[in-house]
Amino acid sequence: MDFTSGGGVEGSEPHNNQFYQCEENKPLLADMSESNNNTKLGAGPCKRSLHHCSSSGMRYKLLHEGDIQVCVVKHPRTFLSKILTSKFLRRWEPHHLTLADSSLTSATPTGYMETSLPYSSIEDLQLLSWDNAPKYCVQLSFPGGTVLLQAANSYLRDQWFHSLQWKKKIYKYRKVLNNPSRWDVALKEIRALVDMALTSPLQDESIHQAPLHIISTLLAENSNLSPQDHENIIVAIAPLLENNHPPPDLCEFFCKHCRERPRSSVVIEVFTPVVQRILKHNMDFGKCPRLRLFTQEYILALNELNGGMEVVKKFIHSMHGPTGQCPHPRVLPNLVAVCLAAIYSCYEEFINSRDNSPSLKEIRNGCQQQNDRKPPMPLRLLRPEPPTPPPATILPLSTTPSPPHEILVELERNNNSANTKRKGGPTRGDSEPNLIDCLLVSPAVNTLSIQLPAQADRVLGCFALILKMLSDYDDWRPALASLLQPIPFPKEELKYVIQRFAEDPRQEVHSCLLSVRSGKDGWFQLYSPGGVACDDDGELFASMVHILMGSCYKTKKFLLSLAENKLGPCMLLALRGNQTMVEILCLMLEYNIIENKDTQLQIISTLESTQVGLRMYEQLCDRQRELKELQRKGGPTRLTLPSKSTDADLARLLSSGSFGNLENLSLAFTNVTSACAEQLIKLPSLKQLNLWSTQFGDAGLRLLSEHLACLQVLNLCETPVTDAGLLALSSMKSLCSLNMNSTKLTADTYEDLKVIPSVLKVL
């Protein structure tokens, strides 16, 4: 049936002569006049109901499709046609209708709905209800007739009515705001569109997103707007952005405004709540990277204000909140993602010159072909004068002066790898390109400095300071430490962040200083003397070692790692009087970490060259003499300490004579802690240890697992040990009886402990 033909108006009498148009049914443009259609539907006694579209009324879900009864009434032109269209001969057809973007269509295009009903042909929408029958209908008037849609109840009828009304309005606004000739009129239409979305009784994500997409398309097609028009449009759409993310094109428009007018009032008044919502609720910037770009440009705009970084600092504080715990878990990951992306963009030209991959800007501009790309740009890397070489007794470091390096990149298409040719340096193969690999250019470069443009340097400084601000919040520091593993770039602010990690006593924070996996350097390696990020003669490295040794890393494994990879830096810092490094060298000698006699003599010479080293080495010699006396054969084979004994009591007892024969030690129901492990590892013959109902924890278990290889029976009942410490027992191959009752042992750890070859008995 054709819905576009013209015709007269049906003239049958309704039950009620008074009817009202919906308040939403207003003209779109200012020059469109309101038409009062006094058409009366001849559908029997009925009434057209007044419908208020207030925000406090009923709420409906936007319909996109559904089943409904359809009847079409053509305007009668002859007496016979009037009889045929009377209510007694009227028939209803079931249809599955789809509310498309431009028309109302049926899944079965037959009968009344043989052709689609365009929204542009709908002149009026009314709600109808009969007094003498439970029929709830929506009337759609079109030239030449009327379409009746009958729903099962009044709620469904109203849902269809509002959904059709919304589709019709949105379709008209798309037409009206497509290339407008007068922007003052277009601004009025944008405000009317926003008001319609805010007052609509429909609840759906598209209710607010559809107007935003219409406006973003309008702005994308009209880039020559004046700054005042920009601000007027932003202010007009601000209410829609309170609970919705801006679409990508609108983000691009906001970015442009932040770059061109950073001191505009809308940056603070309009963009601030939008960015706050993005940081609080965004789950993945990868799905919409322009949200991240907009957040980045907004922060840079704040930095351009008179207050500069003070304004940025207040914004970061507002995102964290006044309490000690931030209530929004997504704020920190989103802020870090924005900062790292901004930092990456500063080095983007350098990174792209190495791997020849298209830059973010080129991807946005569609320039991805090889012949469109610029030739690789030589980059000069500068480093300061090398430090004074250490004495010959210390393991030599690579400190040979070398001229500044100039890097030229050539791409080999046949094996999809980038080869770097260095002038004055050996060739180094590239792996998967990332920020770390691209900055670690040469092992001989102690401090890397890349000359950046002034704008890139300002961006780098801004977001490096934000990372510094984030590290000052105690509740954010653990997550921040895990997110920054590691991102080395030559900025003093980042060093401050790592210093905060090194000072934090929580293990989950300072453990992130170590490498994530084997073969991948962490902050600990990068800031060691000779590392690419070290510019302070190893002071930060010493702080890292101090905090790691003070927690659960005072183990043979950690000392072995230092001896294999960082013995030279440790000896150099010990030579300069660093007390932590002196202690490290003493522990290496005490635990027999160093097997080479010449290296042992070098360590001893280093210790004797400073007063603090000489004093600690003399104390080590005294402890070794006491240990020999303690381990001398003799003394009891079984020993039980009285209840309430402490770590000091155990140390005093073991220093009173020889305990070389001690095989069975009971510390049950005493007050000893993990600190007594330092004394227990001195007992070479110990085979049975009872720690029932003590405060012996994970740190002590790690130490026992490395030094008491002959231990056979261990009772940990009612101790505070956890899976982290119990897993260390898997290396004790002689252990045959283990009591872990009333501990925090989990099923997974129990399965892991079954690797012990002896009979494992959990009592």
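## A guided tour, from helix pair to loops

Select α6 and α8 to begin: α6 passes α8 in a left-handed crossing. The model you have open is a predicted one.

**Stop 1: the helix pair.** Keep residues 248–260 (α6) and 289–303 (α8) on screen; their axes come within 9 Å and cross at roughly 15 degrees. Since angles under 35 degrees count as roughly parallel, α6 is roughly parallel to α8. Now show side chains. On α6, the contact is made by Pro 248, Asp 249, Cys 251, Glu 252, Phe 254, Cys 255, Cys 258 and Arg 259. Facing them from α8 are Arg 290, Leu 291, Leu 293, Phe 294, Glu 297, Tyr 298 and Ala 301. Try colouring this set by residue type: you will find 10 nonpolar, 5 charged and no polar residues.

**Stop 2: a hairpin.** Next, select residues 136–142, which form strand β8. Is this strand mostly covered or mostly uncovered? It is mostly covered, with 6 of its 7 residues buried. Add residues 145–151, strand β9, which runs antiparallel to β8 and is joined to it by 7 bridges. At the turn end, look for Phe 142, whose bridge partner in β9 is Gly 145. The two strands form a hairpin with 2 residues between them. One residue to click in that turn is Gly 144, which has a positive phi of about 105 degrees.

**Stop 3: the parallel sheet.** Move on to an open sheet of 5 strands, ordered β15-β16-β17-β18-β19 with parallel pairing. Select 638–640 and 737–739 to see its edge strands, β15 and β19, each of which pairs on one side only. From one strand to the next, the twist averages 5 degrees. For a look inside the sheet, pick β17 (residues 688–690) and β18 (residues 713–715): they run parallel and are joined by 3 bridges. Leu 689 has Leu 714 of β18 as its bridge partner.

**Stop 4: two unusual backbones.** Most residues other than glycine have a negative phi. Two loop residues go the other way. Which loop holds Phe 669? Phe 669 lies between β16 (664–666) and α26 (677–680), and its phi is positive, about 65 degrees. With 44% relative accessibility, Phe 669 counts as partly exposed. Then select Ser 693, in the loop between β17 and α27 (698–707). Ser 693 is not a glycine either, yet has a positive phi of about 55 degrees. Its relative accessible area is 24%, so Ser 693 is partly exposed.

Conventions:
Residues numbered from 1 in each chain as written. Predicted model: local features only at pLDDT ≥ 70, side-chain atom pairs only at ≥ 80, totals over all residues. Heavy atoms only, no water. Axes fitted to C-alpha atoms, helices over the stretch in contact; angles between N-to-C directions. Helix = DSSP H or I, 4+ residues; strand = E, 2+ residues; numbered from the N terminus. Parallel < 35°, antiparallel > 145°, perpendicular 65-115°, else oblique. Left-handed = near helix turned anticlockwise from the far one by under 90°. Contact = heavy atoms within 4.5 Å. Nonpolar A, V, L, I, M, F, W, Y, C, P; charged D, E, K, R; others polar. Pairing = 2+ DSSP bridges. Buried < 20%, exposed > 50% of the residue type's maximum accessible area, 1.4 Å probe, protein only.
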